[in-house]
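Here is a short, friendly tour of one protein chain, meant to be read with the viewer open. Follow along and click on the residues as they come up.

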Amino acid sequence: MLKRLSGIIEQLRGGEIHRSVASGRSPRQPFFSRLRAKYDAANTTLDNLKHWSRADGLSAAAANSPDVRRTLRNRSRYEVANNSYARGITLTLANDVVGTGPRLQMLTGDDAANRFVEAEFFAWCEAVGLAEKLRTMRLSRVADGESFGLLTSNERLVTPVNLDLRLIEADQVASPTLMPDTRRYLDGIQFDADGNPLSYDVLKNHPGDGFFVVDDEFDTVPAADVVHYFRCDRPGQIRGIPDITPALPLFAQLRRFTLAVLAAAETAAEFAGILYTDAPANGEADAAEPFEPIELEKRMLLTMPGGWKMAQMKSEQPSTTYSEFKKEILNEIARCLNMPFNVAAGNSSGYNYASGRLDHQTYFKSIRVEQSQLARVVLDRILHAWLREAILIEGYLPNSLRTLDSTFEHQWFWDGHEHVDPAKEANAQKIRLASHTTTLAIEFARQGRDWETELKQRAKELALMRDLGLTIESDETDSSSEPEVTEDHAEDAEPQTA
């Protein structure tokens, strides 16, 4: 009986070995075991339990709930309003992204119509203060996380097109009272089945106003008339959070540390001197009341009680690590905005030419990305609305632009960034043009200028300089580069033929 059972077991083992080899599993490995990979970051231990206690699996919409966004907005606004570094960082970022404002270049086949639209749209931008509003929208995205603009009509504009952009704060775009959020209605935004916004509920009064009531009235604005500018960090995110959210605790630490160092230094400075003795307790020194203040007169010689000495209080603050701490914490604060330390601090004393250019590469690339988003989300929408209203004005636009076509080719120019060494940049530009690795359009676009406009202007200047008899440097260079041919060398100058 035992021999029979042993034979059955051996047969089962042999079959298991064949199945293991066929499946690629080691014959020594039991059939019930499986290869299981582990990640240290996924293990919960006593050491990391508190650190990961706030981690959750909420969706983007649930994580950015109205209460969470309201708290983040209030704290971000407080820091920007009271922290000098936070204020300077946000202003610098808005000025670098928007600058003096974008400039439109139409690229249709009709050059005359292009110039007309560019001039009229520029006049409209100046009338409504578009550049200033764009800077305000960028500032709002830093502190509020998002910015809203309503495309409205302003009859007081002096331009033929009465389109205007009215900015509102994120607090006013909210779900009215007693209107529950559903799958297609979240935070005051109505969506269709594909996730596209259909309308926005805008409160008529700001919730922070003194006369705001709980059941305040609201307007439902179509999505075509609303510009919503924010950064989407997660799929399914419909509202933005402040750009400086990760840096809010760091701003608080910076202020607390600065105030603590200042208080310690002031406390030490308030004491003109202290009395101390080297005598032991109950020694030969005269009796003196502890902590008794002594009035001192200017430029007077004083005598101390027997056995006592006077010395000034030595201030231990600010310590040598104070400046290093501020530098490191500012560097960490600016990192969430892709901003280098010298830009955030407004101090480049510790930089050299190479490190300055290297740090600015990431910053300038981030700015170009933001300008691209701003052009797509805000400017293209505004231009389309402007053309749509301009077409309705009889005899205003040229005939080639009388039909609204979303395929109107155009591009936006932004302010260029000044180079720290203009001579080196000009030499590099000359080499790129000579080697045909770039074009005038690209080089002028780096400076935020239109190459056609600049060349036409330069041609006018050169023509006027020749009419006035002024010397042109290019003409001198061309004449000096031509070799002088004399009679003695006339034969050498003739071309040789085979």
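## A small antiparallel sheet

Let's begin with a pair of strands: S5 (residues 189–191) and S6 (residues 197–203) run antiparallel to each other and are joined over 3 bridges. If you want a spot to centre your view, take Ile189, which stands opposite Tyr200 in S6. Please keep in mind throughout that this is a predicted model.

Zooming out, these strands belong to an open sheet of 4 strands in the order S4-S5-S6-S7, and the pairing is antiparallel. Its edge strands are S4 (185–186) and S7 (218–222), each of which pairs on one side only.

## The chain as a whole

The protein chain holds 15 helices and 11 strands. Of its 498 residues, 29% are buried. About 33600 Å² of the chain is exposed, and carbon and sulfur atoms supply 54% of that area.

How much of the contact network links residues 24 or more positions apart? Taking contacts in the chain with a separation of 6 or more, such residues account for 67%.

## Two residues with positive phi

Two loop residues are worth a look if you like backbone torsions. Asp187 has a phi near 50°, a positive value in a residue other than glycine. You will find Asp187 in the loop between S4 and S5. Is Asp187 buried or exposed? Its relative accessible area is 7%, under the 20% cut-off, so Asp187 counts as buried.

The other one is His436, where phi is near 60°, again positive in a residue other than glycine. His436 sits in the loop between helix H11 (422–434) and H12. With a relative accessible area of 70%, His436 lies over the 50% cut-off and is therefore exposed.

## Around Asp144

Next, move to the loop between helix H6 (130–143) and strand S2 (146–153), which is the place of Asp144. Asp144 is buried because its relative accessible area, 5%, falls under 20%.

Which residues does Asp144 touch, leaving out those up to four places away in sequence? They are Arg73, Arg77, Glu169, Gly240, Ile241 and Pro242. With Arg77 there is also a polar contact between the two side chains, at 2.8 Å. Asp144 and Asp243 are 99 residues apart in sequence, yet their C-alpha atoms are 8.0 Å apart in space.

## Asn114 in helix H5

Asn114 is part of helix H5 (residues 111–128). Its relative accessible area is 2%, under the 20% cut-off, so Asn114 is another buried residue. Setting aside neighbours within four places in sequence, Asn114 is in contact with Met106, Leu107 and Thr108.

## A nonpolar patch on the surface

To finish, turn to the surface, where Leu440, Trp451 and Leu455 make a nonpolar patch of about 230 Å². Leu440 belongs to helix H12 (residues 440–446).

Why can Leu440 count towards a patch? Its relative accessible area of 35% makes Leu440 partly exposed, and patch residues need over 30%, so Leu440 passes that cut-off.

Methods
Residues numbered from 1 in each chain as written. Predicted model: local features only at pLDDT ≥ 70, side-chain atom pairs only at ≥ 80, totals over all residues. Heavy atoms only, no water. Patch = residues over 30% accessible without salt bridge, like charges linked within 9 Å, V, L, I, M, F, W, Y side chains within 5 Å. Areas by Shrake-Rupley, 256 points an atom, 1.4 Å probe, with all protein chains shown as cover. Salt bridge = Lys/Arg side-chain N within 4 Å of Asp/Glu carboxyl O. Buried < 20%, exposed > 50% of the residue type's maximum accessible area, 1.4 Å probe, protein only. Pairing = 2+ DSSP bridges. Contact = heavy atoms within 4.5 Å. Polar contact = N/O pair within 3.5 Å; in protein donor to acceptor, adjacent residues only side chain to side chain.
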